[in-house]
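Biologist: Please take a close look at one residue in this model, and set it against the chain as a whole.

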Amino acid sequence: MSKNVILCGVGGQGTILASRLIADASMKKGLPIKTAETIGMAQRGGSVFSHLRMGEGANTPLIAKGQADLIIGFEPGETVRQLPFLKKGGAVVVSKRAVMPVSAMIGKSSYDPQAMIDYLKAHVEHLTVVDADLAAAELGSAKTLNVVLLGAAIRSGELGIDLEEMEDAIRQRVPEKFWNLNQRALVWSK
């Protein structure tokens, strides 16, 4: 099995932790994994993305355009920006909660998150849109978005990791006091 996965979002959404959870679960399965991340922009609220290549045959960590099996999008606009990497027939799991890009905040551009979701609906055959606001309300924490999206990605069948393997990764990487909350986030769906 080989999988090419891109995670994308904005600094502070938990994108990098989600990437590391996938990597941990993959390694525990005995799958070779290569990763590349942009983390410098995370401190400034800018774009953050990770490329993960799991399985045999991954010689480099970067995924070529048109080669991603799955994009996990923490923010609609960032997901649209990564769409050229998705292969034909690939899947996208995206949060519908928008985070205004820095350029729009300072008045240099406009941003319509619903237009981004509509674009994804028109261009992605296998699309899962996650209501992050509802998840946060029902779980009692907005900080669970990353694990909610990982659960949706697992249920899509495109991640190549099951719930138990992800639970193990969470227990290895996340402080014990957050295990129950993350377990509930992992299985949350609407």
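Modeller: The protein chain exposes about 9200 Å², of which carbon and sulfur atoms supply 52%. The model is a predicted one. Its charged side chains number 22 positive and 19 negative, with the centres of the two sets 5 Å apart.

The secondary structure amounts to eight helices and six strands, and from the N terminus the order is β-α-β-β-β-α-β-α-α-β-α-α-α-α. The protein chain is as compact as a globular protein of its length, because its radius of gyration of 15 Å is close to the 16 Å that the globule rule gives for 190 residues. Along the principal axes, the C-alpha trace spans about 45 × 40 × 30 Å. Of the contacts with a separation of 6 or more, 63% are between residues 24 or more positions apart.

As for burial, 48% of the 190 residues count as buried. Gln-82 is one residue to examine here, and its place is in helix 2, which covers residues 76–82. Gln-82 has a relative accessibility of 6%, and therefore counts as buried, the cut-off being under 20%. Leaving aside residues up to four places away in sequence, Gln-82 touches Ile-6, Cys-8, Phe-49, His-51 and Ile-71. A contact here means heavy atoms within 4.5 Å. The picture for this residue is then a glutamine in helix 2 that counts as buried and has Phe-49 and His-51 among the residues it touches.

Key: Residues are numbered from 1 along each chain as its sequence is written. This is a predicted model: local features need pLDDT of at least 70, side-chain atom pairs count only at pLDDT 80 or more; totals for chains, interfaces and linings use all residues. Side-chain values use heavy atoms; hydrogens and water are left out. Helices (H or I, at least four residues) and strands (E, at least two) are DSSP runs, numbered from the N terminus. The radius of gyration is taken over C-alpha atoms; the globule rule is 2.2 Å times the number of residues to the power 0.38. Buried means under 20% relative accessible area, exposed over 50%, partly exposed in between (1.4 Å probe, protein chains only). Accessible areas come from the Shrake-Rupley method with a 1.4 Å probe; for residues, only the protein chains shown count as cover. Lys and Arg count as positive and Asp and Glu as negative; His and the chain ends are not counted. The place of a charge is taken as NZ of Lys, CZ of Arg, CG of Asp or CD of Glu.
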